[in-house]
Amino acid sequence: MERRSSFYLVFLPLLMLCLLSAAVTMEAALRGGWEPIMNLEDPHVREVAQYAVSEHGRLKQLQLKLDKVVKGETQVVSGIMYRLVLAVEEKGAGTKQYAVVVEEDKKMHLKSFKKFVAE
């Protein structure tokens with residue numbers, strides 16, 4: 001009997017600690033922490049990146065072509081916010097990298113498209 005109560009005295013606090021840690025992690029993600037995009041080749045990520053390049057090109061009257069998604073993160077807000085680093089070819093200027101923020105809330109909106117400066 002004493003052995004069983006010792007087990008519970010050790011096991012239950014460890015179980016509660018694990019559950020608390022998982023709850024804190026989930027709350028941070030739900031609150032809007034940035035999470036890395038693991039699959040940069042995901043068709044939807046490519047669609048968001050292509051939208052950003054096309055929309056920026058249209059607004060600035062530039063001929064841009066998406067080369068690849070270099071890096072990306074998402075954040076849960078009222079929809080999903082994408083923060084992407086893109087390799088973009090600009091006609092006559094070669095390949096450049098841009099940091100892009102796109103929000104999806106049933107419809108994509110280009111929030112910013114700025115030249116990426118490595119940290």
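## A hairpin to start from

Welcome! A good place to begin is Val76, whose bridge partner in strand E3 is Ile80. Helices (H or I, at least four residues) and strands (E, at least two) are DSSP runs, numbered from the N terminus. Two strands pair if DSSP finds at least two bridges between them. How many bridges join E2 to E3? There are eleven, and the two strands run antiparallel. A hairpin of three residues leads from E2 to E3.

This is a predicted model, in which local features need pLDDT of at least 70 and side-chain atom pairs count only at pLDDT 80 or more, while totals for chains, interfaces and linings use all residues. Residues are numbered from 1 along each chain as its sequence is written, and side-chain values use heavy atoms, with hydrogens and water left out.

## The overall layout

The protein chain holds two helices and five strands. Read from the N terminus, these elements follow the order α-β-α-β-β-β-β.

Of the chain's 119 residues, 27% count as buried. Here, buried means under 20% relative accessible area, exposed means over 50%, and partly exposed lies in between, using a 1.4 Å probe and protein chains only. Contact means heavy atoms within 4.5 Å. Among contacts between residues at least 6 apart in sequence, 42% join residues at least 24 apart.

## Helix H2

Helix H2 covers residues 43-60, which makes 18 residues. From its first C-alpha to its last, H2 reaches 26 Å, close to the 26 Å expected at 1.5 Å a residue; the expected span is 1.5 Å times one less than the number of residues. At the start of H2, a side-chain oxygen of Asp42 comes to within 2.8 Å of the backbone nitrogen of His44. A polar contact is a pair of N or O atoms within 3.5 Å; within protein, one must be able to donate a hydrogen and the other to accept it, and residues adjacent in sequence count only if both atoms are side-chain atoms.

The buried residues of H2 include Val45, Val48, Ala49, Ala52 and Val53. An α-helix has 3.6 residues a turn, so residues three or four places apart point the same way. Is His56, also in H2, buried or exposed? His56 counts as buried because its relative accessibility is 11%. Leaving out residues up to four places away in sequence, His56 touches Leu62, Leu64, Leu110 and Phe113.

Just after H2 comes Gln61, in the loop between H2 and strand E2 (64-76). Gln61 has a positive phi of about 55°, in a residue other than glycine. At 74% relative accessibility, Gln61 counts as exposed.

## Strand E3 and its neighbours

E3 is mostly covered, with eight of its eleven residues buried. One residue to look at in E3 (residues 80-90) is Ala87, which counts as buried at 4% relative accessibility. The C-alpha atoms of Ala87 and Gln97 are separated by 4.5 Å, although these residues are ten apart along the chain. Not counting residues up to four places away in sequence, the contacts of Ala87 include Lys65, Asp67, Val70, Thr95 and Lys96.

Lys96 itself lies in strand E4 and is partly exposed, with a relative accessible area of 25%. Beyond its neighbours within four places in sequence, Lys96 is in contact with Leu86, Ala87, Val88, Glu90 and Lys115. Between Lys96 and Asp67 there are 9.5 Å from C-alpha to C-alpha, and the two are 29 residues apart in sequence.

## The nonpolar core

In the largest nonpolar core, which has 19 residues, Leu84 and Leu86 touch the most other members. The elements giving two or more residues to this core are H2, E2, E3, strand E4 (94-104) and strand E5 (108-115). Which element gives the most to this core? That is H2, with five residues. A nonpolar core is a set of buried Ala, Val, Leu, Ile, Met, Phe, Trp, Tyr and Cys residues joined through side-chain atoms within 4.5 Å.

Among the residues that Leu86 touches, not counting those up to four places away in sequence, are Ala49, Val53, Leu66, Val70, Tyr98 and Val100.

## One aromatic pair

The structure holds one aromatic pair. Tyr98 and Phe113 form this tilted pair, 4.8 Å centre to centre with 35° between the planes. The pair links distant parts of the chain, with Tyr98 in strand E4 and Phe113 in strand E5, 15 residues apart. Rings of Phe, Tyr and Trp (its six-membered ring) pair if their centres lie within 6.5 Å; planes under 30 degrees apart count as stacked, over 60 as edge-to-face and the rest as tilted.

Tyr98 counts as buried at 10% relative accessibility, and Phe113 is buried with a relative accessible area of 11%.
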